[in-house]
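Okay, thanks for squeezing me in. I'd like to walk you through one fold and then a handful of residues in it, so have a look at this.

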Amino acid sequence: MKKIYFAILTLALLLGTNKINAQLLEEAQKFVKQKTTSTLTQNDATKGIKEVLEKGTTAAVSKVSKVNGYLNDPQIKIPFPQNAKTIETKLRAVGLGKKVDQVVESMNRAAEDAATGAQPIFLNAIKGLNVQNAVQIVKGDNNAATQYLKGKTSSQLATQFKPVIQKSLDKVNATKYWNSMMSSYNKIPLVKKVNPDLSDYVTQKAIEGLFVKMGQEEAKIRTNPAQQTSSALKNVFGTVTAK
């Protein structure tokens with residue numbers, strides 16, 4: 001298809017600029033687009049996008065689930081809850097900054113510990129990808145597949161992630177540190193006693209971070225030929241480039 005398109009383009013340039021040449025170019029573009037759409041719809045799009053999603057989610061989960069996967073990555077590190085900044089400020093002011101740091105580290109450890117539980121949910125959603133979805137995703141932005149997966153799995157991830165996160169919070173002593181910190185805060189004179197839901201917050205931030213990394217992996221696969229490691233990926237994204 002590339003050869004046909006560029007042959008017509010060369011011919012048009014040699015003949016000069018006029019209405020006929022413009023029509024030649026328009027017909028060439030239509031041919032490539034129609035051929036591409038047909039091929040993608042029937043064959044490569046679904047297989048290629050499923051492979052992008054499988055490869056991207058595997059890589060993303062692997063990165064965030066390792067030690068310091070969240071904690072040492074500024075893009076996805078889970079900070080102290082924004083709606084509890086007053087708590088952090090007051091605790092640091094009275095010399096309890098170490099408690100705050102322990103909570104931040106333990107929240108990120110919990111997210112890292114729980115992240116592996118996302119893969120089965122992702123794979124189940126990927127199986128449900130249909131041809132229409134796949135064609136739209138192929139023609140979409142560099143994170144179109146990630147956005148599709150986010151829309152399909154966010155609710156389920158939150159439901160299934162939260163108990164895993166809670167277990168992980170307990171496992172890495174985040175719950176202990178949090179309760180100790182909140183107990184210290186609530187003893188400060190004149191402060192309003194609070195106790196935000198830590199597991200809800202960590203669950204939300206862990207899922208957000210996972211999709212950030214997933215989007216980055218998808219963009220790599222779409223734009224870097226070295227990442228297109230199968231015929232399906234090469235066919236899909238080679239075809240997109242040829243439009």
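**Helices from end to end**

Starting at the N terminus, the elements of the protein chain go α-α-α-α-α-α-α-α-α-α. That makes 10 helices and zero strands, where helices (H or I, at least four residues) and strands (E, at least two) are DSSP runs, numbered from the N terminus.

Some housekeeping. This is a predicted model, with local features needing pLDDT of at least 70 and side-chain atom pairs counted only at pLDDT 80 or more, while totals for chains, interfaces and linings use all residues. Residues are numbered from 1 along each chain as its sequence is written, and side-chain values use heavy atoms, with hydrogens and water left out.

On to the overall numbers. The protein chain has 243 residues, and 41% of them are buried; buried is under 20% relative accessible area, exposed is over 50%, and partly exposed is in between (1.4 Å probe, protein chains only). Of the contacts in the protein chain with a separation of 6 or more, 80% join residues 24 or more positions apart, a contact being heavy atoms within 4.5 Å.

Now for my favourite, α7. What is the end-to-end distance of α7, and what would a straight helix reach? Helix α7 covers residues 144-171, so to speak 28 residues, and its end C-alpha atoms are only 35 Å apart, short of the 40 Å for a straight helix at 1.5 Å a residue. The expected span is 1.5 Å times one less than the number of residues. And α7 has a kink of about 55 degrees, centred on Thr153. The bend at a residue is the angle between axes fitted to the seven residues ending there and the seven starting there.

Thr153 is itself on the list of buried residues in α7, which also includes Leu149, Leu157, Phe161, Ile165 and Ser168. As a reminder, an α-helix has 3.6 residues a turn, so residues three or four places apart point the same way.

Let's take two of those. Leu149 counts as buried because its relative accessibility is 0%. Leaving out neighbours within four places in sequence, Leu149 contacts Leu53, Thr57, Phe122, Ala125, Ile126, Ser154 and Phe211. Between Leu149 and Leu123, 26 residues apart along the chain, the C-alpha separation is 9.9 Å. Ser168 is buried too, because its relative accessibility is 3%. With residues up to four places away in sequence not counted, Ser168 touches Ala110, Asp113 and Ala114.

Who else meets α7? Ala118 sits in helix α5 (residues 118-127), and it is buried because its relative accessibility is 0%. Beyond its neighbours within four places, Ala118 is in contact with Leu157, Phe161 and Leu210. The C-alpha atoms of Ala118 and Leu157 are 6.8 Å apart, with their positions 39 residues apart along the chain.

Then there is the packing of α7 on helix α9 (residues 198-223): the angle is about 145 degrees and the axes are 8 Å apart. Axes here are lines fitted to C-alpha atoms, for helices over the stretch in contact, and angles run from 0 to 180 degrees between N-to-C directions. By class, this contact of α7 with α9 has 14 nonpolar, seven polar and five charged residues. Nonpolar means Ala, Val, Leu, Ile, Met, Phe, Trp, Tyr, Cys and Pro, charged means Asp, Glu, Lys and Arg, and the others, Gly among them, are polar.

After α7 comes Asn173, with a positive phi near 70 degrees. Asn68, not a glycine either, has a positive phi of about 70 degrees, and its place is the loop between α2 (19-65) and α3. Most residues other than glycine have a negative phi.

For contrast with α7, look at helix α8 (residues 174-186): its 13 residues should span 18 Å at 1.5 Å a residue, and the end C-alpha atoms are 18 Å apart, which agrees. The buried residues of α8, among them Trp178 and Met182, pack against α3, α4 (97-114), α7 and α9.

Last stop, two glutamates. Is Glu88 buried or exposed? Glu88, in helix α3 (residues 85-93), counts as buried because its relative accessibility is 12%. Outside four places in sequence, Glu88 contacts Phe80 and Val100. Glu51, in helix α2, is partly exposed because its relative accessible area is 22%. Glu51 touches Ser230, Ala232 and Leu233, again not counting residues up to four places away.
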